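This briefing goes through selected features of the structure shown below, grouped by topic. Please read it alongside the sequence and the coordinates.

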Amino acid sequence: FLRSYGEMLEQRVQYLLDRDKVKEALDLVSGFEGEEVVRERLSQRINIYLGLHQEKEESSRQDVLRMVRYRPLGKLDTVRVFSAFEIFLMRHIFDTLVTYDSKTEHFVRKLAHRWEHNDEQTHWTFYLRKGIRFHDGKLLTSRDVQATLERIKLRGDNISWLYQDIEDVHLHDDYSLTFQLKRRNTMFLHLISNISMAIVPQHEQGDVTIIGTGPFRVSELSTSKMSLTAFEG
């Protein structure tokens, strides 16, 4: 009797947002069929919650970006991802050996700090950066690159044909390896920079892996929420 239904609903929505229960808050707002002015106030609360914010921690401030996606995420797997939004996410979680800079129209270093090929472009050698760690703390080596290619051939039904020209991978040591191709391939760097060839750890070659070396790691993943946290490594 002391408050209207709209006021109580606003309090409930704010209560849920304060506890990061965005899905429940959105469900309440979407199911509300009352006055338009109340719906606008509810939507405004959610809009304030979303976007870029600074949140105070014990000794510093943390930048937090929140967004809503209105359909479920597909499998966040390097060999199955296909939508632009999911690829955008994967680029923050995983790294490739090299990457293409569309502004300069050149390939630039990523996990590999140098690469070279023979005159026939049938042997491509890559030299890995040292000291790179996966999100679980394991060091990246050339064996992880080899295992990534094997995983594509084993599980990447839709993309394995892209890499069918790779005849073998020769590991020279922990930080250098050579791809031996069946024939000349002038587009090989394009294939290596594809998100499908993002390097995943050798010990995580299961059906789906979300452990990479990228600037963000997956800290929470459920059917209704995904959280990415800056990876200090």
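**Salt bridges, sheet and helix packing**

The count of salt bridges comes to nine in this model, which is predicted. Three of these contacts are described here, followed by an open sheet of four strands and by the buried residues of helix 4.

**Salt bridges around Glu10**

- Glu10 and Arg41 meet through their side chains in a salt bridge, with an N to O distance of 2.7 Å; since Glu10 belongs to helix 1 (residues 5–18) and Arg41 to helix 3 (residues 36–49), the pair ties together parts that lie 31 residues apart in sequence.
- A salt bridge also joins the side chains of Glu10 and Arg45, at 3.1 Å from N to O, and this pair likewise links distant parts of the chain, with Glu10 in helix 1 and Arg45 in helix 3, 35 residues apart.
- Glu10, Arg41 and Arg45 are thus linked in a network of salt bridges.
- Glu10 counts as buried because its relative accessibility is 10%, under the 20% limit, whereas Arg41, at 32%, is partly exposed, and Arg45, at 29%, is partly exposed.

**Salt bridge between two loops**

- The side chains of Arg183 and Asp165 meet in a salt bridge of 3.0 Å from N to O, which links the loop between strand 8 and helix 6 (188–192), where Arg183 lies, to the loop between helix 5 and strand 7, where Asp165 lies, 18 residues apart.
- Arg183 counts as exposed at 51% relative accessibility, while Asp165, with a relative accessible area of 12%, is buried.

**The four-stranded sheet**

- The open sheet has the strand order 5-6-8-7, and its pairing is antiparallel; strand 5 (112–117) and strand 7 (166–173) stand at the edges with a single partner strand each, so one side of each has no neighbour in the sheet.
- From one strand to the next, the twist averages 20°.
- Strand 6 (residues 123–128) pairs with strand 8 (residues 176–181) in the antiparallel sense over five bridges, and Ser176 in strand 8 is the bridge partner of Tyr127.
- Helix 5 (residues 142–155) packs on the sheet, where it touches strand 6, strand 7 and strand 8, and its direction makes about 165° with that of strand 7.

**The buried side of helix 4**

- Glu86, Leu89, Met90 and Ile93 are buried in helix 4 (residues 84–93); because these residues cover an arc of only 100° around the axis, they are on the same side of helix 4.
- The buried residues of helix 4 pack against strand 9 (216–221) and strand 10 (226–230).

Definitions and conventions:
Residues numbered from 1 in each chain as written. Predicted model: local features only at pLDDT ≥ 70, side-chain atom pairs only at ≥ 80, totals over all residues. Heavy atoms only, no water. Pairing = 2+ DSSP bridges. Axes fitted to C-alpha atoms, helices over the stretch in contact; angles between N-to-C directions. Contact = heavy atoms within 4.5 Å. Buried < 20%, exposed > 50% of the residue type's maximum accessible area, 1.4 Å probe, protein only. Arc of directions from axis to C-beta. Salt bridge = Lys/Arg side-chain N within 4 Å of Asp/Glu carboxyl O.
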